[in-house]
Amino acid sequence: MDMTDALRLEGLRGELKANEPMARHVSWRAGGPAARCYAPADLDDLSAFLRQLPAAEPLLFVGLGSNLLVRDGGFAGTVVLTHAAARHPELVAGRVYAEAGVASPKVARFAARHDLAGAEFLAGVPGTVGGALAMNAGCYGGETWEIVWRALTIDRRGQVRTRAREEFETGYRHCSLIGGGRLGADEWFVGAWFDLRKGDGATSRARIKELLEKRIASQPLSLPNAGSVFRNPPGDHAARLIESCGLKGLARGGARVSEKHANFIVNQKGAARASDIEWLIGEVRARVLERTAVALQPEVRIVGDAA
Ligand SMILES: Cc1cc2nc3c(=O)[nH]c(=O)nc-3n(C[C@H](O)[C@H](O)[C@H](O)COP(=O)(O)OP(=O)(O)OC[C@H]3O[C@@H](n4cnc5c(N)ncnc54)[C@H](O)[C@@H]3O)c2cc1C
């Protein structure tokens with residue numbers, strides 16, 4: 001009996017799969033399989049699943065995989081897919097509550113519908129609330145943790161906790177727990193409450209529209225990608241540096257530095273291997289370092305084993 005059979009656990013209502021291709025679950029549409037992949041039915045089900053999992057099992061929470069590269073050899077552990085069973089956002093005592101698996105743009109639209117302002121930027125972040133919290137995602141002057149009131153987390157033993165915003169250290173594309181478990185290794189997000197100001201729905205919707213139009217004009221959205229590959233170095237833009245080094249169009253296998261936005265790597269015709277993308281990331285970094293002395297740091301998360 002292999003590990004996945006052993007994981008046909010008691011009383012679960014979600015879906016457990018073995019050897020699940022992660023290319024189906026990440027926006028780059030590339031990469032290897034997860035040894036096991038669980039899509040929980042709801043929070044209680046996730047808690048029951050985690051309680052029955054061996055303590056040493058490597059765990060990776062994945063939202064919409066819009067900031068994630070899984071190497072071609074795959075992830076030798078269990079992936080928890082948060083998006084499938086996520087419920088709609090709700091208004092709770094004047095605040096927006098959203099489960100971690102809810103798509104961030106849905107939170108932006110929900111807030112606008114309720115005349116709450118400040119979440120518009122989330123319309124431009126094509127991941128989940130969990131991914132936005134983990135990455136402190138942001139754009140157009142907004143950042144996720146600026147609008148978070150509290151977060152709901154779960155740990156390896158399936159214990160759910162409400163944590164105040166002050167329990168987290170956050171910065172540019174960064175979030176960690178102060179003095180708590182290791183976020184992403186022992187503890188994960190399952191929901192968040194957003195504190196938004198009273199606004200006007202029509203104004204918010206106009207802002208969302210404007211923001212999405214800017215994105216369509218500047219980003220290669222018709223090809224699989226993972227948004228900005230590198231973090232912006234202090235006082236500069238990774239895209240500007242990459243372009244100044246003449247690296248637009250640099251390609252390997254099916255992966256290519258976008259001609260439209262130099263900080264994007266696109267998967268042409270879905271033919272890229274994760275190794276092509278990772279090679280390009282390394283090559284861009286090395287060439288930018290050589291010519292400008294700036295060491296770019298990846299924003300995308302890279303996990304798993306080489307093929
Ligand atoms: C076209 C495009 C445009 C983008 N524009 C922006 C932008 O403007 N600003 C920006 O900040 N980002 C941007 N991104 C990147 C990406 O959308 C964000 O980082 C997003 O928040 C990731 O969410 P996700 O659910 O897809 O996370 P995933 O890619 O699934 O995961 C990313 C990381 O978060 C962790 N994670 C996911 N869910 C949880 C959870 N519940 N608990 C704990 N950890 C978790 C994962 O383990 C992983 O380490 C863009 C991406 C694309 C494809």
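**Cysteines, ligand shell and Arg36**

Q: Why is there no bond from the sulfur of Cys139 to the closest cysteine sulfur?
A: Because the closest cysteine sulfur, in Cys175, is 17 Å from that of Cys139, which is too far for a bond. A disulfide here is a pair of cysteine sulfur atoms within 2.5 Å.

Q: How many disulfides by this rule, then?
A: The count comes to zero.

Q: What am I looking at, and how is it filtered?
A: This is a predicted model: local features need pLDDT of at least 70, side-chain atom pairs count only at pLDDT 80 or more, and totals for chains, interfaces and linings use all residues. Residues are numbered from 1 along each chain as its sequence is written, and side-chain values use heavy atoms, with hydrogens and water left out.

Q: Is Cys139 buried or exposed?
A: Buried, because its relative accessible area is 10%. The cut-offs are under 20% for buried, over 50% for exposed and partly exposed in between, with a 1.4 Å probe and protein chains only.

Q: And Cys175?
A: Cys175 also counts as buried, at 11% relative accessibility.

Q: Switching to the ligand. How many residues surround it, and which are the closest?
A: There are 34, and the closest are Phe61, Ser66, Thr128, Gly138 and Arg215. A residue is included if one of its heavy atoms lies within 4 Å of the ligand.

Q: What is the make-up of that shell?
A: It divides into 17 nonpolar, 13 polar and four charged residues. Ala, Val, Leu, Ile, Met, Phe, Trp, Tyr, Cys and Pro count as nonpolar, Asp, Glu, Lys and Arg as charged, and the others, Gly among them, as polar.

Q: Which polar atoms are at the ligand's oxygen atoms?
A: An N or O atom in the Ser66 side chain is 2.6 Å from a ligand oxygen. Polar backbone atoms of Phe61 and Gly63 are 2.7 Å and 2.8 Å from a ligand oxygen, respectively. The protein covers 95% of the 970 Å² of accessible area that the ligand has on its own, by the Shrake-Rupley method with a 1.4 Å probe.

Q: Which element gives the most to the shell?
A: H4, with five residues. Helices (at least four residues) and strands (at least two) are DSSP runs, numbered from the N terminus.

Q: Last one: where is Arg36, and what does its side chain contact?
A: Arg36 is in strand E2, residues 33-39. Its side chain makes a polar contact of 2.8 Å with that of Glu57; such a contact is a pair of N or O atoms within 3.5 Å, one able to donate a hydrogen and the other to accept it. Arg36 counts as buried, at 9% relative accessibility.
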